[in-house]
Amino acid sequence: MAETEPQAGELPARRVFVTRAIPAAGTDLLAAGGAQATVWSGSGDAPGPEELRAALASTDVLLSLLTEQIDANLLAAAPQLLGVANHAVGHDNVDLETATQLGIPVSNTPDVLTETTADLTWALLLGAGRRIVEADRFMRLGNYRLWGPQLLLGEDISPGGDGQRKTLGIIGFGRIGEAVARRARGFDMAVIAYHPSDPERVRASELARPVELSELLREADFVSLHIPLTTATRHLIAADELQAMKPTAVLVNTSRGAVVDEAALVVALREGQIAAAGLDVYEREPTMATGLAELPNTVLLPHVGSASRGTREAMAKIAATNALAMLRGNPAPQCINRAVYQSAAYARRASRLW
Ligand code: GLV
């Protein structure tokens with residue numbers, strides 16, 4: 001592996017294909033690093049599978065967004081590919097197992113979006129719990145004619161009328177789940193968390209009490225999802241789980257849509273099995289399950305968890321930094337399949353760099 005980093009313009013490999021426009025901070029960084037970045041500019045909203053396949057066959061590094069499915073077929077069609085720099089913390093859009101087998105490093109953009117996503121989670125929790133969107137619509141429609149003591153009643157978040165602390169249940173106690181828990185202190189909430197991949201992480205934290213999923217669903221007044229989408233977590237929240245929640249409970253999802261069975265959620269919201277939902281993500285984005293948009297007890301956002309100007313700029317820079325490292329044959333700082341660098345498959349790919 002190269003001991004010293006080549007200067008701009010001396011990259012052993014240079015071509016980066018960016019699947020859709022990212023903040024200029026990212027593309028500027030690529031250019032300053034000597035990369036030749038091509039941003040997709042085809043017709044339609046996003047590159048189709050054939051366009052992606054053609055682009056991948058003639059690029060050194062792919063800088064992808066979460067909307068692009070980087071599957072096994074695509075990866076197999078790019079024997080020269082030196083890495084995939086995903087512009088997202090989630091990476092369920094990339095077939096990581098195949099990438100690793102084929103010797104392709106994959107990176108993501110963690111940390112910089114933790115607080116931003118936790119903020120948006122709280123916006124959804126407060127918005128759905130206190131019926132903010134419904135109330136806004138009520139005003140705009142000119143329905144506010146007389147104040148009344150029963151008007152648009154929502155759920156308590158801090159200890160309210162009954163003086164009881166409310167319980168926030170966090171499913172997935174990673175960086176974002178923990179940041180959401182930290183904010184709950186300001187609302188004097190009790191926090192319980194289910195973190196199946198590493199229960200010790202909750203135990204070691206003073207922010208939450210570790211529980212099993214069944215207890216969390218039974219006890220929580222607010223359930224917030226922060227678990228990555230894997231085959232094990234697909235439909236983790238389905239009809240039975242929704243049924244197990246309190247009828248006053250609010251479900252918030254800023255992780256991945258398919259963690260929830262969205263059709264079952266529509267039924268649960270319609271039939272009053274739970275009180276409300278705040279969703280930033282959907283099972284089949286950008287489509288929503290039939291009936292979801294008609295339900296008044298929902299707050300629905302278009303996957304904007306990390307969408308602050310500063311955070312998106314930082315994500316673009318991280319993705320670009322990872323891509324530049326891949327072009328140089330250096331380990332990408334945010335590589336998520338680090339063992340790949342020890343593999344013969346990677347050595348074969350990277351052999352042209354040195
Ligand atoms: C957004 O959903 C991300 O994974 O960055």
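**Entry 1: α1 and α12**

I looked up the crossing of α1 and α12 and found it to be right-handed. I note that the model is predicted. Helix α1 covers residues 24-32 and helix α12 covers residues 309-328. Their axes come within 7 Å and cross at roughly 25°. Because angles under 35 degrees count as roughly parallel, I recorded α1 as roughly parallel to α12.

I then listed the residues that meet. On the α1 side they are Ala 25, Gly 26, Leu 29 and Leu 30. On the α12 side they are Glu 313, Ala 316, Lys 317, Ala 320, Thr 321, Ala 323 and Leu 324. I sorted the residues of this contact by class and obtained seven nonpolar, two polar and two charged.

**Entry 2: α5 and α7**

I turned next to helix α5, residues 114-129, and helix α7, residues 175-184. Their axes cross at roughly 55° and come within 8 Å. That angle makes α5 oblique to α7. I entered the handedness of this crossing as right-handed.

From α5, the residues in the contact are Thr 114, Glu 115, Thr 117, Ala 118, Asp 119, Thr 121 and Trp 122. From α7, I listed Arg 175, Ile 176, Ala 179, Val 180, Arg 182, Arg 183 and Ala 184. The classes in the contact of α5 with α7 are six nonpolar, three polar and five charged.

**Entry 3: the ligand**

I asked which residues are around the ligand. They are Leu 66, Ala 88, Val 89, Gly 90, Leu 113, Arg 256, His 303 and Met 315.

I followed three of these residues to oxygen atoms of the ligand. For Val 89, a backbone N or O atom lies 2.8 Å from a ligand oxygen atom. For Gly 90, a backbone N or O atom likewise lies 2.8 Å from an oxygen atom of the ligand. His 303 takes part through its side chain, where an N or O atom is 2.6 Å from an oxygen atom of the ligand.

**Entry 4: backbone geometry in two loops**

I checked the peptide bond from Glu 285 to Pro 286 and found it cis, with omega near 5°. I placed Pro 286 in the loop between β11 (276-279) and β12 (298-300).

I also looked up His 235, whose phi is near 55°. I noted this as a positive value in a residue other than glycine. His 235 belongs to the loop between β9 (222-225) and α10 (239-244).

Methods. Residues are numbered from 1 along each chain as its sequence is written. This is a predicted model: local features need pLDDT of at least 70, side-chain atom pairs count only at pLDDT 80 or more; totals for chains, interfaces and linings use all residues. Side-chain values use heavy atoms; hydrogens and water are left out. Axes are lines fitted to C-alpha atoms, for helices over the stretch in contact, and angles run from 0 to 180 degrees between N-to-C directions. Helices (H or I, at least four residues) and strands (E, at least two) are DSSP runs, numbered from the N terminus. Angles under 35 degrees count as roughly parallel, over 145 as roughly antiparallel, 65 to 115 as roughly perpendicular and the rest as oblique. A crossing is left-handed if the near helix is turned anticlockwise from the far one by less than a right angle, and right-handed if clockwise. Contact means heavy atoms within 4.5 Å. Ala, Val, Leu, Ile, Met, Phe, Trp, Tyr, Cys and Pro count as nonpolar, Asp, Glu, Lys and Arg as charged, and the others, Gly among them, as polar. A residue is near a molecule or strand if one of its heavy atoms lies within 4 Å of it. A polar contact is a pair of N or O atoms within 3.5 Å; within protein, one must be able to donate a hydrogen and the other to accept it, and residues adjacent in sequence count only if both atoms are side-chain atoms.
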